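I open this notebook with the contact between two domains of one chain. Two single residues follow.

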There are 2 protein chains.
Amino acid sequence: MTSLQYFQTPFPTKPSRTNLNKQKTNIKVNNVSTVLPSTLVGNASGRKVFRTTRHDASASMMTDFDYVEEILPSGRPNIPTKKQLVDPVRQGVITEGGVGYKQTVVIRSYEVGADKTATLESILNLLQETALNHVWVSGLLGNGFGATHGMVRNKLIWVVTRMQLQVDQYPIWGEVMEVETWVGASGRHGMRRDWLLRSLATGQVYACATSTWVMMNQDTRRLSKMPEEVRAEISPWFIEKKHSTPEKIMKLGNNAKYINHSLKPKRSDLDMNHHVNNVKYVGWMLETIPEVFLESHQLTSITLQYRRECGSSDTVQSLCEPDDEDGILMERTEEESCINVCHENSVQVEVLQDKPVKFPLSYTHLLQITGELKIEEIVRGRTTWKRNSSTLPTL
Amino acid sequence: MTSLQYFQTPFPTKPSRTNLNKQKTNIKVNNVSTVLPSTLVGNASGRKVFRTTRHDASASMMTDFDYVEEILPSGRPNIPTKKQLVDPVRQGVITEGGVGYKQTVVIRSYEVGADKTATLESILNLLQETALNHVWVSGLLGNGFGATHGMVRNKLIWVVTRMQLQVDQYPIWGEVMEVETWVGASGRHGMRRDWLLRSLATGQVYACATSTWVMMNQDTRRLSKMPEEVRAEISPWFIEKKHSTPEKIMKLGNNAKYINHSLKPKRSDLDMNHHVNNVKYVGWMLETIPEVFLESHQLTSITLQYRRECGSSDTVQSLCEPDDEDGILMERTEEESCINVCHENSVQVEVLQDKPVKFPLSYTHLLQITGELKIEEIVRGRTTWKRNSSTLPTL
C-alpha cells in the first residue's frame with residue numbers, strides 16, 4: 001500500500017524518503033507564530049499521524065496536537081477521519097475554541113468581473129468551499145457533499161432552505177481575504193451556518209452571511225428528521241449566537257414585470273448531489289434584472305428561500321419584480337424613461353441621455369419549474385442594491 | 001498613510017503592532033524545509049521590505065532574499081513592484097533557477113462536476129490563475145490582466161492565439177495539486193506559455209498545456225509588434241524548451257453536423273480585458289456535442305486556435321463536426337442508432353438500450369460571430385476523447 005502525504009510547508013515539492021519524518025508545522029494562533037517540529041507517531045493502513053506541539057500565547061501553554069494525513073493506495077487523498085486543528089494546504093485553522101473554522105483565500109483572476117471585483121457567485125462559491133472544508137477538517141465528513149458519516153449511513157444529504165448574504169464591500173482581484181464559518185442549531189432538525197468575510201490586511205468585514213440547512217433522503221428526495229446518531233456527531237460543534245429573524249418573501253405571480261422563460265440547466269450546473277447548485281440559481285435571478293440597472297448598481301444583500309430542488313431535466317422560469325416603495329421609486333412607463341435613485345433615505349434624480357430615469361432599489365425574485373402538469377416553486381429571493389459609487393451623481 | 005501587511009504563515013490573523021517586525025518565512029526548496037526569521041529592513045511609502053535568508057540545500061549555500069509587501073492606503077493590496085521568490089498567501093514559489101513559477105492548489109468543491117472530478121473549465125481557470133500569479137510575483141505586472149508596466153505604457157494587452165491542453169487524469173475534489181508554469185519566445189513578437197499539473201502527493205503529471213500569446217492595442221483592438229521596452233522586461237524570463245508543432249485545424253462549413261445558434265455572452269462572461277474570456281469559449285464548444293456522448297466520455301485533449309475576440313454585443317454560433325475516421329467510427333443515420341467506440345486502436349461495440357451505437361473519438365469545432373453583414377471566425381477547436389473507464393464495456 002502506497003502511503004504518501006502532503007507537506008505542511010507553504011511550498012511543497014515531491015517528498016523524498018529522507019524527509020518524511022522531519023515535518024515542521026508553522027502555526028499562527030492569537031498572533032503568535034510558533035514553528036515546532038512534528039514527529040511521526042504512527043504509520044499504518046495508509047495513515048500518517050504527526051504529533052506537533054503548539055504554543056498558544058494567550059493561554060500561555062503548550063498543547064500537543066495530531067495532524068493526520070491519509071492517502072489512498074491510488075495516491076488520491078483520503079478524507080480525514082480525525083479532527084485537524086490546522087490544514088496547511090487549505091490554509092485553514094480551527095477557531096472558536098475548537099469548533100469554528102477560518103481559511104485564507106486570495107481572490108483569483110477568474111473570480112472577478114470586468115470591474116475587477118469579486119462576483120456574487122464567486123463569494124457564494126467561497127462560502128460553500130469554506131463550509132465544506134470546515135466539515136473536511138472536522139473529521140466528520142463522509143463520502144458526500146458535506147454529509148457526515150452518520151448521514152451517509154442514513155442515506156441523507158444536506159439541502160439549504162435559506163441563505164442570506166450582505167455585502168458591504170466587494171474584494172478586488174488579488175486581495176487576500178479570510179473567511180470564517182461556524183454552525184449552530186436551527187430548530188430541532190435543522191442547522192444554521194454563518195460566515196464572515198474579512199480583509200486579511202485590515203480585519204475589516206466585507207460581507208456576512210447566514211443559512212439554514214435540513215436533511216434530505218438521497219433516494220426518496222424527501223426531507224428527513226435529524227437522526228440521533230447525526231445529532232451526536234454535529235451538535236458538539238454548535239455555537240449559539242443571536243440572529244435576526246428571517247424576513248418573509250412574497251410569492252410573485254405570473255404578472256411579474258420581468259420574466260426569463262425556458263431556462264435549462266446544463267451538465268456543468270449540477271453539483272455532487274446531482275441537482276442544480278444553489279449558486280446557479282442566483283445567476284438566473286440576476287440575469288432577469290434589466291441590464292441598464294445592473295450596469296450602474298451593486299448588490300448589497302440577497303435573501304434566498306428554497307422550496308424544492310431542481311434537476312437536470314427541469315425547465316425553469318425566472319420572474320423578477322422591482323419594488324414600488326410608496327410609489328416613489330417606480331414609475332411604470334413602457335419606456336422606463338424616468339428612474340429615480342433612492343440613496344440613503346434621500347431620493348436622487350439622475351439624468352441619463354437627457355432623460356430622467358427612475359430606479360428601484362429592491363427586487364423580489366422567483367424561480368419556478370414549468371412542468372406540463374403544474375408549476376412548482378424552486379426558490380424565492382429578495383435583492384437590494386446601491387448605486388455604483390463611480391456612477392453616483394453629485395447633487 | 002496606512003501600511004499593513006500579509007503574514008507569511010499559513011494561518012494569519014489580524015496583525016498586532018508587537019509582531020510586525022518578527023516575521024518568519026517557511027520555505028521549501030529542493031526538499032529541504034528551512035525556517036529562518038525575517039528582518040524588517042525598510043518601511044516607507046506603504047512598502048514593507050523583509051530580508052530573509054534561505055538555505056538552499058542543493059547548492060549548499062545561504063542566500064538572502066527580500067519579500068516585499070505593498071498595501072495601498074485603502075488597505076487594498078498593491079501589486080508587487082519587485083520580484084518575490086515566494087508568495088505565502090498564493091502558496092507560490094519561483095522555480096527554474098529564478099524564472100519559472102509553481103503553486104499549490106486544492107481542487108475546490110465548486111470546481112468539480114457531478115462525478116467529483118475537476119471540470120475542464122476549472123483546469124483552464126487554474127492555468128490562467130497561475131500564469132497571472134507568475135506575472136504577479138515577477139514584479140512586472142502593470143495594472144492589467146497580465147500586462148507588464150511597459151505594456152501598460154504602450155496600451156497593450158495580451159491575447160491568446162493558441163492553447164493546447166492534454167489531460168491524462170482529472171484531479172478529484174479535495175486533491176492537492178501543483179501547477180508549474182514558465183514562458184518562452186514564440187517567433188519575434190509572441191510569447192509561449194507552458195504548464196504542468198501534478199499531484200502533490202505522488203508527483204504524477206495529470207495534465208500539460210502550451211499556449212501562444214501576442215499583444216493587442218487595447219484601444220484599436222489591433223495586434224501589435226512587441227515593443228523593445230517590453231522585450232527587455234520579459235525576455236529575461238524566457239526558457240527555451242523543445243515543443244511539438246501545432247496541428248492545423250480545418251475550418252468547418254455551415255453544413256457541420258451539430259450547430260448551436262444564437263449564443264449570447266452574459267455580463268459575467270466578460271473578463272478584465274472586457275471581452276469574453278477564453279474559458280467561456282470552451283463551454284460553448286462542449287455544449288454543442290451530443291449529451292449522450294458527453295455522458296460516457298472524458299476529454300483527453302483540446303486544441304484552440306483563436307482568430308478574433310468576441311465582445312459582449314456579439315451573437316455567436318457554435319459548430320461541431322465529429323471525425324469520420326476512415327468510415328469506421330461514424331455512421332450518419334438520423335437516429336444515430338449505431339455508435340462504435342474506438343478505444344486504444346480497437347473498435348468496441350456497445351449496446352445502449354438494445355441498440356448498437358457508434359461514437360467518434362474526435363470533434364472539430366468552430367465558434368463564429370454571426371453579424372448582419374458577415375460571419376467572422378472567433379476560434380477553431382479540436383477535441384479528443386476517451387471512454388469513461390466506469391462505463392467502458394467489457395468485451
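Entry 1. I looked up the area shared by domain 2 of chain A and domain 3 of chain A in this predicted model: they bury about 1,900 Å² between them, 55% of it on carbon and sulfur atoms. Buried area is here the accessible area (1.4 Å probe) that two parts lose on being put together, summed over both. On the side of domain 2 of chain A, I note that L120(A), F145(A) and Y170(A) lose the most area to domain 3 of chain A, together 27% of what that side buries.

Entry 2. I checked the bounds: chain A is divided into domain 1 (1-78), domain 2 (83-244) and domain 3 (247-395), with bounds from an automatic or database domain assignment. The contact (heavy atoms within 4.5 Å) takes 22 residues from domain 2 of chain A and 21 residues from domain 3 of chain A.

Entry 3. I recorded conventions. Residues are numbered from 1 along each chain as its sequence is written, and chains are lettered from A and ligands numbered from 1 in the order in which they are written. Local features need pLDDT of at least 70, side-chain atom pairs count only at pLDDT 80 or more, and totals for chains, interfaces and linings use all residues, while side-chain values use heavy atoms, with hydrogens and water left out.

Entry 4. I searched for charged pairs between domain 2 of chain A and domain 3 of chain A and found a count of one salt bridge, defined as a side-chain nitrogen of Lys or Arg within 4 Å of a carboxyl oxygen of Asp or Glu. R221(A) forms a salt bridge with E309(A), and their closest N and O atoms are 2.6 Å apart.

Entry 5. I asked which elements supply the domain 2 side of chain A that touches domain 3 of chain A: α1 (120-138), β9 (156-167) and β12 (205-217) each supply at least two residues. Helices (H or I, at least four residues) and strands (E, at least two) are DSSP runs, numbered from the N terminus. On that side, β9(A) gives the most, with eleven residues.

Entry 6. I turned to T104(A), which lies in strand β8 (residues 100-106) of chain A. Its relative accessibility is 4%, so T104(A) counts as buried; buried means under 20% relative accessible area, exposed over 50%, partly exposed in between (1.4 Å probe, protein chains only).

Entry 7. In chain B, I located I79(B) in the loop between β5 (61-70) and β6 (86-87). I79(B) counts as buried because its relative accessibility is 17%.
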